[in-house]
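Reader: Please take a close look at the cysteines in this model, and then work outward to the aromatic and charged side chains. Keep it brisk.

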Amino acid sequence: MALTVLPPYLELLNSEQRRAVLHTGKPLLILAGAGSGKTRVITTKIAWLIREQGVDPRSILAVTFTNKAAREMAERARLIDERAGDAMLRTFHSFGAWFLRRNGKAAGLDPGFVIYDDDDAVSLLSGIMEDSSKAEVKQVAHNISRAKDYFLSFDDAELALIDSRRKFRDIYALYEERLAHTGNVDFGDLIKKPVEILRKESEIARRFHDRFKVIMVDEYQDANVAQFEFLKELAGPETYICVVGDDDQSIYRFRGAEVKNILEFPDRFPGTEIIRLERNYRSTAPILRAASSVVDRNRGRLGKTLRAERGGGKLPVLAFLPDQDEETAFCAQLVGNAARTAERGKVWSDWAILYRTNAQSLGFETELLRRGIPYRVVGSLKFYEREEIKDALALLSFLVNPRDEVAFRRVVNKPARGVGSVTVDRIIEEGAEASDLAEAARALSPELSSRAKAGVESFLKVMEEGRALLEEDPFPNDAFDSGDGAGDEAAAPPAKVPAAVPAGKANRKRAKNREELVSGEGLSVCVVCLMRSSGIAAYHQTQDEVSGNQRLNNLQELANAASLYAPTRGGLLEFLEHIELDRSLEDQAETAEERSNAVTLITFHNTKGLEFRKVIMTGLEQGIFPREDKKNEELEEERRLFYVGATRAMDELYLTSCAVRRMFGRTLPVEPSLFLREIDKSSLRIIGETPYGFGAAGTGAAARRAHAPEQGKGVYGNTPRGNDAYNGGFDAHNDTGSWRRGDRLFHDDYGYGAVTEVRDSEDGPVVRVYFETGKELLFLGEQQGSRFTKIGKDD
DNA sequence: TAGTTTTAAGTTTTT
DNA sequence: CTTAAAACTA
């Protein structure tokens, strides 16, 4: 290797990672195993392109699948080079929305569209399928959504692969017509429509090819067909494309993800180079062994050999427990014990409790609350699914788009204004002819009963007044539709209030048990006014008094969230878009400390891209995980999900499996998960009563059962004081002492880093470490046993 | 039509 | 067991 001195941020990388970062020219496919540092590769690559290659940050597009990943990527890239903040880092869907706001006109789309979520789509569909049950409507809505994922329109022949019924095709066509008439889009459209536009409008395509010279995609294994097509259309002849993924971590088949995308990438992009990242820096060897032994059973995979760079480590613990109450107690105790014996801070955040379905979080929440252990639940914030929130959002949506029949139907008669379903149907029907629903109502008003007429009029008046509350947009002339849709982002309205006082937190505190809405800054003023004048606030307030709910407080919460946006139409649109595309309320609802000092409760799906020191995987039972109805391909996906969950763990992994589980109020006996059988017994430390027939030694298990201690509380009664009792003979050896330049490590406080210099002093060797946060620190090499974990070095 | 009671149904996973 | 949908009454 040449003797050139590398910039320190490249020192953090191993040779393959570095090769991936320095790669240019042909398309690049990075097959990155779990914990192999793929995010680091992407962020470093972005920074390197800007710094060393003189690439304009604005010509870089990096796409992820979750908002969290997008945020993290932006943050980490900025740490290396500030200018990376100007690159476009978004989720596929958010980028699609950005595209459509500027170029939707080419598909007859007004830039002021609102994004319909799945519920809204169902609501719209039920207007078409009038005499179908709710379940049928949902099924069709799901199929339409799948069709869009596969880039299939209602007139495509392949549509039969999704749903072959003739009726389906007709309904899909009707749905599209109806949706177009509302002027809104659904989730699938955010990807599908841009592709259609790029194919039809060569001028727009050319602009985008000019603008984006570099396109990177993270978690590529989760891309669906439509997203693949999007990528292909965005890439011009000069565009450098780099995708990163891991076929073993593909867990979104159910929403259209196609592993084929990653398998066939080299065929679709000729000349593709492939780089494999197979060194795992995150997990200890025993954890990786257990995780791999499950996913190894899958047939449809590229296959790779993921090597643990961290030696030593404890065996994963498999705990057989009587029921789910014992399971929650076990988890709480495990976490609590660790906290008691820990010397260092931030213990709670070391832990994550994983479950298959969101419903399972409830038990853990109750138990942790009871024991005073701080926790946070990731995802599944049903906040936006609450009735009052949906009502409020419907009001706001109708405000920006008076053709939104779904929103209209939801709130026109709430609170009761004497406008029944018959009247609503007639107005919407009339709306097919009119430019918007207000006009439709006016046209129809001579035929309405005086009560219905008065009700509709009062509703429309409220909306008129609401519209008047919004200030003029600073950029008139429809700022979204700047001439150069792919070009200057500065033309977009700077809708966010720049010096936004974090009014949210303070307001919420004040609003506790308050019986009136308080407005804060910016858009929240308008939101509060509208909630009041529409009667929604009063309506839910009354409901609160009856049933003791917190609905008014929830409305307050929503208003607070709005305070960060400008009180203009543009600001409102941005607010609504943000809510549709990123429902994790995390930013507003949690302070940094709350986040950093709490146990994480999370679904397996949501853990992708995350890591924790200690992970508990719960509910490992047949029927729960994997679900009973899973077989073949779907079972393989469940295996991958198991793999994803297990590889989140850095130091310790626990698996729990109950003998019985409560479902639908009934308590049923359950079998241990198939996946537990797929792990070699010697790779696990089993505690609790091994169920009959588990593993090869059936008779042994039976014998053990016969002599098992009295059933009841305390199967794990001899639980360790500290988790050290689970050590199982393995010591987490840190291999301190002989540090060498180029060694990589994980520091408890500073994260991942690399040794850039070693020298001797009176107190022994001193090492200089460069961290990926950009920090560079000196340490005394011999005293860092408990703070550092060596994670292998480059060869 | 509004609001209440009765009955049935249902749990994946998410942008 | 909890929630949503259908059925029923005022």
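Author: Cys658 is buried in this predicted model. Its relative accessible area is 3%. The closest cysteine sulfur belongs to Cys331. That sulfur is 8.7 Å from the sulfur of Cys658, too far for a bond. The cut-off for a disulfide is 2.5 Å between the sulfur atoms. A disulfide is a covalent bond between the sulfur atoms of two cysteines. The structure holds zero disulfides. Cys331 is in no disulfide either, and its nearest cysteine sulfur is that of Cys658. Cys331 is buried too, with a relative accessible area of 0%.

Now the aromatic side chains. A search of the whole structure finds 25 aromatic pairs. One of them joins Phe99 and Phe208. The ring centres are 4.8 Å apart, and the planes stand at 35 degrees. That makes the pair tilted. Phe99 lies in helix 5, residues 92-103. Phe208 lies in helix 10, residues 202-211. The two parts are 109 residues apart in sequence, so the pair ties them together. Phe99 counts as buried, at 0% relative accessibility. Phe208 counts as buried, also at 0%.

A further pair is formed by Phe642 and Phe675. This pair is edge-to-face, with 65 degrees between the planes. Its centre to centre distance is 5.6 Å. Phe642 sits in helix 29, residues 632-646, and Phe675 in helix 30, residues 674-677. Here the pair ties together parts that are 33 residues apart in sequence. Phe642 is buried at 1% relative accessibility. Phe675 is buried at 0%.

Go back to Phe99 and Phe208. Both belong to one aromatic cluster. Its other members are Phe65, Phe92, Phe95, Trp98, Phe212 and Phe230.

Charged groups also meet rings. Arg101 lies over the face of Phe113, at 3.9 Å from the ring centre. Arg101 falls within the residue range of helix 5, 92-103. The charged end of Arg40 sits over the ring of Tyr752. There the distance to the ring centre is 4.7 Å.

Next, a lysine. Lys608 is found in the loop between strand 14 (599-603) and strand 15 (612-617). Lys608 is buried, with a relative accessible area of 14%. Leave aside its neighbours within four places in sequence. Lys608 is then in contact with Glu219, Gln221, Asp222, Gln249, Ile251, Tyr252, Val644 and Arg648.

Another lysine meets the DNA. Lys134 is one of the residues around DNA strand C, along with Phe664 and Gly665. An N or O atom in the side chain of Lys134 is 2.8 Å from a phosphate oxygen of that strand.

Last, a serine. Ser15 lies in helix 2, residues 15-22. Ser15 counts as partly exposed, at 30% relative accessibility. Its side chain makes a polar contact of 2.9 Å with the side chain of Glu16. Ser15 and Leu277 are 262 residues apart in sequence. In space, their C-alpha atoms are 9.6 Å apart.

Methods:
Residues numbered from 1 in each chain as written. Chains lettered and ligands numbered in written order. Predicted model: local features only at pLDDT ≥ 70, side-chain atom pairs only at ≥ 80, totals over all residues. Heavy atoms only, no water. Near = heavy atom within 4 Å. Polar contact = N/O pair within 3.5 Å; in protein donor to acceptor, adjacent residues only side chain to side chain. Buried < 20%, exposed > 50% of the residue type's maximum accessible area, 1.4 Å probe, protein only. Phe/Tyr/Trp six-rings, centres within 6.5 Å; stacked < 30°, edge-to-face > 60°. Helix = DSSP H or I, 4+ residues; strand = E, 2+ residues; numbered from the N terminus. Lys NZ or Arg CZ within 6 Å of the ring centre and 35° of its normal. Contact = heavy atoms within 4.5 Å.
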